[in-house]
Amino acid sequence: MRNNAQRRAGTHVNLRLRRASQSVNWCSVLCAALALLIATVARTADLSISVLDAHGRGVAGLVLVAMPDNAAARKRIGRVAVMDQINMQFVPDILVIQTGSSVDFPNSDQIQHQVYSFSAAKRFQLSLYAGHKYPPVVFDRPGLVTVGCNIHDSMLGYIYVTDSPYFGRSDAHGQLTLHNLPSGSYTVTAWHPRLEEGSANELHLRTTVVESEPGTVLFQLRRTVPISMPPHESKKWLDY
Ligand SMILES: [Cu+2]
């Protein structure tokens, strides 16, 4: 049986150990917070992407994605995009979203549509409806999703789902500037359903983003592309 002095000594040791472990925890918490702060505040740059056709003219409407090699730089930003149905067309007819985002499919026509996709990245069906009947559809896997209407075969839309948070579409001048990309190596992809260069209507370029140095990437197409349908400049698109 231990005497009082031994018990006191044991308590002191325990206290000291506890204090030591508490101070170690605080230090690691502070250090981690500081590292995170440095990583998020600095070390980014803008990247401007251009798409030019064989005559040097900008090509509008391409899906452009900058995918960081570093998976930690692909942080998820859940959003809701809108693909409307106006005059028996999907508007916009092409969306690019990040994995985990949702798409709302309102029907602004006076007739009913039945929206569906059989694509591997997302299978879904919204049974015959008008107006705003269904909640947004979640797209939880990367890949290309082709959207149609069971009633009107001419209706065709595309949803390009990517793990990267850095994406957009080329404007009327064939330009897109992506902001605040973390420094590191990237694969930049240009895609359009009617882009007849490269495999799967896709072109890829490698680039490195250097801290505080605005970068540029140029897709020089070999031919004139019949795709210069500018992205739909609706308020919904701009809002998104
Ligand atoms: Cu329809």
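**From an exposed loop to the buried core**

I77 is exposed, because its surroundings hold 8 other C-beta atoms within 10 Å. A residue counts as exposed with 12 or fewer other C-beta atoms within 10 Å of its own, as buried with 20 or more, and as partly exposed in between, the C-beta atoms being placed from the backbone. The model is predicted, so local features need pLDDT of at least 70 and side-chain atom pairs count only at pLDDT 80 or more, while totals for chains, interfaces and linings use all residues. Residues are numbered from 1 along each chain as its sequence is written.

I77 belongs to the loop between β2 and β3 (80-82). Strands are DSSP runs of E with at least two residues, helices are runs of H or I with at least four, and both are numbered from the N terminus. Apart from residues up to four places away in sequence, I77 touches Q98 and P165; such a contact requires C-beta atoms, placed from the backbone, within 7 Å. Q98 stands 21 residues from I77 along the chain, and the C-alpha atoms of the two are separated by 7.4 Å.

The whole chain may now be considered. It has 2 helices and 17 strands. Of its 240 residues, 28% are buried. Among the contacts between residues at least 6 apart in sequence, 67% join residues at least 24 apart.

One group of strands forms an open sheet of 4 members, in the order β13-β2-β15-β16, with antiparallel pairing. Two strands pair if DSSP finds at least two bridges between them. At the edges stand β13 (167-169) and β16 (202-209); each has a single partner strand, so one side of each is left without a neighbour in the sheet. Neighbouring strands of this sheet are turned by 20° against each other on average, direction ignored. Such angles are taken between axes, which are lines fitted to C-alpha atoms (for helices over the stretch in contact), and run from 0 to 180 degrees between N-to-C directions.

Within this sheet, β2 (residues 63-68) is joined to antiparallel β13 by 3 bridges. V63 of β2 stands opposite R169 in β13, and V65 has F167 of β13 as its bridge partner. Strand β2 is also joined by 6 bridges to β15 (residues 184-191), and these two strands likewise run antiparallel. Here L64 is the bridge partner of A190 in β15.

How much of β2 is buried? The count is 6 of the 6 residues of β2, so the strand is largely enclosed by the rest of the structure. V63, V65 and M67 point one way from β2, whereas L64, A66 and P68 point the other way, and all are buried.

A66 leads to the largest nonpolar core, which has 42 residues; A66, L95, V103 and I159 touch the most other members. A nonpolar core is a set of buried Ala, Val, Leu, Ile, Met, Phe, Trp, Tyr and Cys residues joined through C-beta atoms within 7 Å. At least two residues of this core come from each of β1 (44-52), β2, β6 (94-98), β11 (143-149), β12 (156-162), β14 (175-182) and β15. Strand β2 gives the most, with 5 residues. I159 has contacts with L95, I97, V103, F139, V145 and V147, leaving aside its neighbours within four places in sequence.

Another open sheet consists of 3 strands in the order β14-β1-β17, and its pairing is mixed. The edge strands are β14 and β17 (215-220), each of which pairs on one side only. In this sheet, neighbouring strands are turned by 20° against each other on average, direction ignored. Strands β1 and β17 run parallel and are joined by 6 bridges, and S48 stands opposite T216 in β17.

Some details of the backbone remain. Most residues other than glycine have a negative phi, and most peptide bonds are trans. The peptide bond from V91 to P92, however, is cis, with omega near -5°; P92 lies in the loop between β5 (89-91) and β6. N180, a residue other than glycine, has a positive phi near 55°. N180 is placed in strand β14 and counts as exposed because it has 12 C-beta neighbours inside 10 Å. S212 is not a glycine either, yet its phi is positive, at about 65°. S212 lies in the loop between β16 and β17 and is exposed, with 10 C-beta neighbours inside 10 Å.

Technical notes. Two residues are in contact if their C-beta atoms, placed from the backbone, lie within 7 Å.
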